[in-house]
Amino acid sequence: MWIGVLALLAAALLVLVATPARALTTDEAHAISAGDSESRLAALQRAAEAGDARLPALVQALLDGAVQVDDKRAYIVAPDGSAVEAASGAAATLPETVEDVSNNNRMRGELQLALAALKLRSPEIAERRAALLALRDGVDESKLSLVERALASETDPTLKGELAALRAGVLVSSGDVAKRLEAARALGESSQPVTRSLLLERLKPAAAGGETDAAVRAALAQSERAISGRLAWGERLGVLFSGISLGSILLLAALGLAISYGLMGVINMAHGELMMIGAYATYVVQNLFRTYAPGAFDAYILVAIPVAFLAAAAVGAVLERGVIRYLYGRPLETLLATWGISLVLMQAVRSVFGAQNVQVENPGWLSGGWQITGNLVLPWNRIAIVVFAFAVLAAVALVIARTRLGLFVRGVTQNRAMAACTGVDTRRVDLLAFSLGAGIAGLAGCALSQVGNVGPDLGQSYIVDSFLVVVLGGVGQLAGTVYAALGLGVLNKLLEGWAGAVLAKIMVLLFIVVFIQKRPQGLFAMKGRSAEA
């Protein structure tokens, strides 16, 4: 018995596969292309519901103004003057009686919507997604069958959910109370802001065109509350991610400063300009790839990272050997000297690259974002910066904890005189440590180039925040720098949503002042003899 059933199923499947797709008839193609708007729209709707195979090509040709008609047939005319019969696609000779097809604004709008509805069944997911976006604001019950057919065949879970919400959005204005009630409940599964706007529109007073049925209004209100709750969580997650993103940038900016300031006590006001150098090095590498290796452009950032590090580290080495080594133990002179150097570096960049900002383009794999909820998209470039910041942190921690240079740096940081007595070349350690801190600043500039324009004033926006992170975290403490950077980033974004950007900065500064009064050594106090002095 089971063998017979399976045979019948196989035969039915063969029949379905062998059945050819329905094609446009000559009369249908002519009715869509010629006549008054009402009759053309009716013919278009019938053909769309029937799933005609050549209909998308005809609709696109009508939108392109490439269709001509005589009294019986419609023809699609190519730019070179050749023509095919619209229904069959066979080559044709245009008769002398053909006329151009004209479309008014209403007809063009309906054609665009019909084309989008037909593309909902495209094999390409990107094309289906674009078609869904095009349909959101204009679909009505006349195209509901197309949406339902696409919903039945959709395999992508996200698009399937959006199609279901689109169907419910159409039915919520139906004349049938039962359909409106079903749609009101179904819309509660959505997490799109546009769905919430639709629900609020339907929840207007009945006198203003809102829902009149009490049961439907209750379902609409319940769905609106559910969507509002999801959107609220999306906003909270967005604020948290923005805070972590800002904190990762502050971490990169402050990490190098924590090394140089913690080791040598140097207040380096040119640290922001070292970030700027890393950003401009990224810009130069981008232009070289665009000119000499356009096919590998998406890989330019992988080359720019070490170049930015080396460029900033080289400038830092020159700065340490040429100026800072003569000013150890004189913090005021160091502050003034490095501030003057920062002005020199900014003017040098203006002279070479111009005073205007330059654009650094994201690689293709860093463009776009990750859709979490209807109102939350996490940009790939921001996600990459967070990952990059922690990768740099791990590399620095490895260098400090596991290498000979790291051992010397820790020794000099805790007790410079004792380290010198044991044979450590403290001057060489100062040079290497300052160059390492400058190179990390260059990496921060490379990361910043992916989220904004690059200009001579790039570093000025982060130098104060970097010092605040170092002071709050504890001088020379990597763990403190991490906690302080992420904490200040999240706190700043939380306060921005409540009090605005300016007041948020002021409140963060006041918090740090009060905290330092209570705990002068920051979150993590330095250990060793220098801490007891």
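A salt bridge is a side-chain nitrogen of Lys or Arg within 4 Å of a carboxyl oxygen of Asp or Glu. The views below come from a predicted model.

**Figure 1. The salt bridge between glutamate 201 and lysine 204.** The side chains of these two residues meet with an N to O distance of 3.1 Å. Because its relative accessible area is 42%, glutamate 201 counts as partly exposed. Lysine 204 is likewise described as partly exposed, with a value of 33%. Elsewhere, salt bridges that share partners join Arg180, Arg202 and Glu211 into one network. A search of the whole structure finds nine salt bridges.

**Figure 2. A salt bridge between helix 3 and helix 5.** Side chains of opposite charge can pair when their charged atoms come close. In this view, glutamate 38 forms a salt bridge with arginine 106, and their closest N and O atoms are 2.5 Å apart. Glutamate 38 belongs to helix 3 (residues 37-50) and arginine 106 to helix 5 (residues 105-119), so the pair ties together parts that are 68 residues apart in sequence. Glutamate 38 is partly exposed, with a relative accessible area of 48%. Arginine 106 is also partly exposed, at 44% relative accessibility.

**Figure 3. A salt bridge between helix 10 and helix 11.** The side chains of glutamate 224 and arginine 196 meet at 3.0 Å, N to O. Arginine 196 lies in helix 10 (residues 193-202) and glutamate 224 in helix 11 (residues 214-264), so this salt bridge ties together parts that are 28 residues apart in sequence. Which partner is buried, and which is partly exposed? Glutamate 224 is buried, because its relative accessibility is 12% and the cut-off for buried is under 20%. Arginine 196, at 30%, counts as partly exposed.

**Figure 4. Aspartate 70, a buried residue without a salt bridge.** Aspartate 70 lies in the loop between strand 1 (67-69) and strand 2 (74-77). Why does aspartate 70 have no salt bridge? The nearest side chain of opposite charge, that of arginine 73, is 5.6 Å away, and a salt bridge requires a nitrogen and an oxygen within 4 Å. The side chain of aspartate 70 has other polar partners: one of its polar atoms lies 2.6 Å from the backbone nitrogen of arginine 73. In addition, the side chain of aspartate 70 makes a polar contact of 3.2 Å with the side chain of tyrosine 75. Leaving aside residues up to four places away in sequence, aspartate 70 touches His30, Tyr75, Pro95, Thr97 and Val98.

**Figure 5. Leucine 163 and the residues that it touches.** Leucine 163 is found in helix 8 (residues 157-171). With a relative accessible area of 1%, leucine 163 is buried. When residues up to four places away in sequence are not counted, leucine 163 touches Leu120, Leu132, Val147, Ala150, Leu151 and Glu154. Leucine 151 is twelve residues from leucine 163 along the chain, and the C-alpha atoms of these two residues are separated by 5.9 Å.

**Figure 6. Helix 12 and helix 14, with their lengths and buried residues.** How far apart should the ends of helix 12 (residues 271-292) be? At 1.5 Å a residue, its 22 residues should span 32 Å, and the end C-alpha atoms are indeed 32 Å apart. Helix 12 is mostly covered, with 16 of its 22 residues buried. For the 23 residues of helix 14 (residues 331-353), the expected span is 33 Å, and the distance of 32 Å between the end C-alpha atoms agrees. The buried residues of helix 14 include Thr334, Ile341, Leu345 and Val349. The elements that cover the buried residues of helix 14 include helix 12 and helix 13 (300-322). Just after helix 14, glycine 354 takes a positive phi of about 95 degrees.

**Figure 7. Cysteine 421 and cysteine 446 in a structure with zero disulfides.** Cysteine 421 is exposed, with a relative accessible area of 69%. Cysteine 446, by contrast, is buried at 3% relative accessibility. A disulfide requires a pair of cysteine sulfur atoms within 2.5 Å, and the count of disulfides comes to zero.

**Figure 8. The whole protein, as a setting for the close-up views.** The protein contains 22 helices and seven strands. Of its 533 residues, 42% count as buried. Among contacts with a separation of 6 or more, 69% are between residues 24 or more positions apart.

Methods: Residues are numbered from 1 along each chain as its sequence is written. This is a predicted model: local features need pLDDT of at least 70, side-chain atom pairs count only at pLDDT 80 or more; totals for chains, interfaces and linings use all residues. Side-chain values use heavy atoms; hydrogens and water are left out. Buried means under 20% relative accessible area, exposed over 50%, partly exposed in between (1.4 Å probe, protein chains only). Helices (H or I, at least four residues) and strands (E, at least two) are DSSP runs, numbered from the N terminus. The expected span of a helix is 1.5 Å times one less than its number of residues. Lys and Arg count as positive and Asp and Glu as negative; His and the chain ends are not counted. A polar contact is a pair of N or O atoms within 3.5 Å; within protein, one must be able to donate a hydrogen and the other to accept it, and residues adjacent in sequence count only if both atoms are side-chain atoms. Contact means heavy atoms within 4.5 Å.
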